[in-house]
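Biologist: Please take one part of this model, the empty space, and describe it closely. I would like the residues around it placed in their secondary structure.

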Amino acid sequence: PVAGSDVWRRHSTHMAKPALPRVLFGTSALGNLFVEPTHDEKKAVVEQVLKAVPTALFDSAGKYGAGLALEELGRCLEELGVEPEQVLISNKLGWKRVPLTTPEPTFEPGAWVNLKNDAVQAISYDGIMECYRQGNALLGKYEARIVSVHDPDEYLGAAADEADLEARRADVLGAYRALAELKAAGKVQSIGVGAKDISVVGFVSDHVQLDWAMFACSVTPFVHGEVARGLLRKLGEQGVDVINSAVFNAGFLIGGDHLDYVKITRESRPDAFAWREKFTALCGEFGVSPAAVCVQFSFLFPQIVAVALNTTKPSRVQSNVELANASIPPALWRRMREEGLISIDV
């Protein structure tokens with residue numbers, strides 16, 4: 001059903017959840033991550049996304065630019081004349097905008113450029129409700145119908161001791177109680193979880209009936225360990241759709257210097273560089289792009305239904321959509337297995 005339909009509201013607990021599009025578009029660039037694009041540059045990216053797919057799903061968060069990404073997304077959509085029911089918005093909740101009282105924002109120093117606000121973490125029942133209301137206010141005439149708790153792994157990881165960890169676990173479960181109430185009231189369509197530490201995805205899924213889960217840096221051609229594969233199987237049995245993100249290990253697999261957001265060198269990680277050289281050569285031999293192989297690797301796992309991709313360039317939007325629909329010769333997967341590049345039988 002379309003976002004906001006009465007049918008969904010009446011049958012929200014019985015009806016199959018809405019199908020996710022194959023590609024989600026990240027919006028951290030709208031929040032000035034590392035660079036500050038102009039409003040028109042941001043709008044050009046949003047416009048290309050709307051042209052490239054039948055129903056666009058924008059993945060955003062209150063943390064992105066301390067609410068700036070949500071604000072810019074709403075403004076871009078309104079200026080482009082998009083009706084609320086024509087678009088899907090995901091908001092990862094857990095950080096709320098507060099006034100900036102220091103020279104730099106206090107969260108993720110150095111990451112966000114020229115912000116006019118700060119953000120503080122608010123993971124609890126009341127905190128998530130506040131983040132949800134604030135997020136929709138920043139979006140203007142649009143509403144986030146797909147919601148989750150943002151980085152619960154980092155929140156749990158910051159615990160000072162065992163007692164603090166227990167209190168934080170209770171906060172995370174309280175946050176999900178808030179999301180479950182929003183869904184039961186028909187205000188949102190689906191609830192999920194996203195985390196770099198996928199053990200936290202497992203913890204949440206044991207306590208909460210999720211609709212979807214987002215992995216990051218956990219299922220790529222370079223890394224796809226037994227723990228991640230086991231969790232995929234478990235989520236599949238629980239009826240949870242999986243969205244894969246950071247499918248290039250933060251750019252390294254397609255030529256970048258950062259592996260999972262950490263800068264590496266040939267000296268510090270010779271194994272990773274050797275893997276990449278073999279991988280790149282093999283892709284060349286089969287005439288396919290490493291980027292397409294990374295994206296399509298996700299879809300070898302039946303539980304993964306979508307990938308999240310990000311770009312700051314309008315010209316890259318269509319090619320991102322094409323990556324999600326690319327065809328990879330089965331012989332390439334077999335060769336990768338034979339040469340020890342991947343550890344699954346395809």
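Modeller: Residue classes first: Ala, Val, Leu, Ile, Met, Phe, Trp, Tyr, Cys and Pro count as nonpolar, Asp, Glu, Lys and Arg as charged, and the others, Gly among them, as polar. The model is predicted, so local features need pLDDT of at least 70 and side-chain atom pairs pLDDT 80 or more, whereas totals for chains, interfaces and linings use all residues. Residues are numbered from 1 along each chain as its sequence is written, and side-chain values use heavy atoms, with hydrogens and water left out.

Begin with the largest cavity (on a 1 Å grid over the protein atoms alone, a set of points where a 1.4 Å probe fits but cannot get out; a pocket is an open set with protein on both sides within 12 Å along at least five of seven lines; lining residues have an atom within 4 Å of a point). The count comes to 2 cavities of 30 Å³ or more. The largest cavity holds about 140 Å³ (the space filled by probe spheres set on the points, with grid points joined across faces, edges and corners). Gly26, Ala29, Leu30, Val45 and Thr311 are the closest to its centre, out of 16 lining residues. Two elements, S1 and H2, each give two or more residues to this lining (helices, H or I with at least four residues, and strands, E with at least two, are DSSP runs numbered from the N terminus). H2 gives the most, with 5 residues. The lining of the largest cavity has 9 nonpolar, 5 polar and 2 charged residues.

The second largest cavity has a volume of about 80 Å³. Its lining is made of 13 residues, and those nearest its centre are Pro18, Ala19, Leu20, Ser190 and Trp212. By class, this second lining divides into 8 nonpolar, 2 polar and 3 charged residues.

The largest pocket contains about 1600 Å³ of space. Its lining comprises 44 residues, and Ser28, Leu33, Ala250, Tyr261 and Asn310 lie nearest its centre. Two or more residues each come from strands S6 (146-150), S7 (190-195), S8 (212-216) and S12 (304-309) and from helix H11 (314-324). H11 supplies the largest share of the pocket lining, 4 residues. The classes here are 22 nonpolar, 13 polar and 9 charged.

The strands that contribute to the pocket belong to a closed barrel of 8 strands, S1-S2-S3-S6-S7-S8-S9-S12, with parallel pairing (two strands pair if DSSP finds at least two bridges between them). Strand S1, residues 23-26, pairs with S12 in the parallel sense over 3 bridges. Within that pairing, Leu24 has Ala308 of S12 as its bridge partner. H11 packs on the sheet, touching S1 and S12 (contact means heavy atoms within 4.5 Å). S1 also pairs with strand S2, residues 56-61, in the parallel sense over 2 bridges. There, Phe25 is bridged to Phe58 of S2.

Ser28, one of the residues nearest the pocket centre, sits in the loop between S1 and helix H2 (39-52). Ser28 counts as buried because its relative accessibility is 8% (buried means under 20% relative accessible area, exposed over 50%, partly exposed in between; 1.4 Å probe, protein chains only). Leaving out residues up to four places away in sequence, Ser28 touches Leu33, Tyr64, Trp112 and Asn310. Leu33 and Asn310 are also among the residues nearest the pocket centre. Ser28 and Thr311 are 283 residues apart in sequence, yet 9.1 Å apart in space, C-alpha to C-alpha. Thr311 is one of the residues closest to the centre of the largest cavity.

In strand S6, which gives residues to the pocket lining, His150 can be singled out. His150 is buried because its relative accessible area is 6%. With residues up to four places away in sequence again not counted, His150 touches Ala61, Lys63, Tyr64, Lys92, Leu93, Trp95 and Ile123. Tyr64 is also touched by Ser28.

Last, a helix that packs against two of the lining strands. Helix H7, residues 198-207, is mostly covered, with 7 of its 10 residues buried. They are Ile198, Val200, Val201, Gly202, Phe203, Val204 and Ser205. The buried residues of H7 pack against helices H5 (152-157), H6 (162-184) and H8, and against S7 and S8.

Notes: Axes fitted to C-alpha atoms, helices over the stretch in contact; angles between N-to-C directions.
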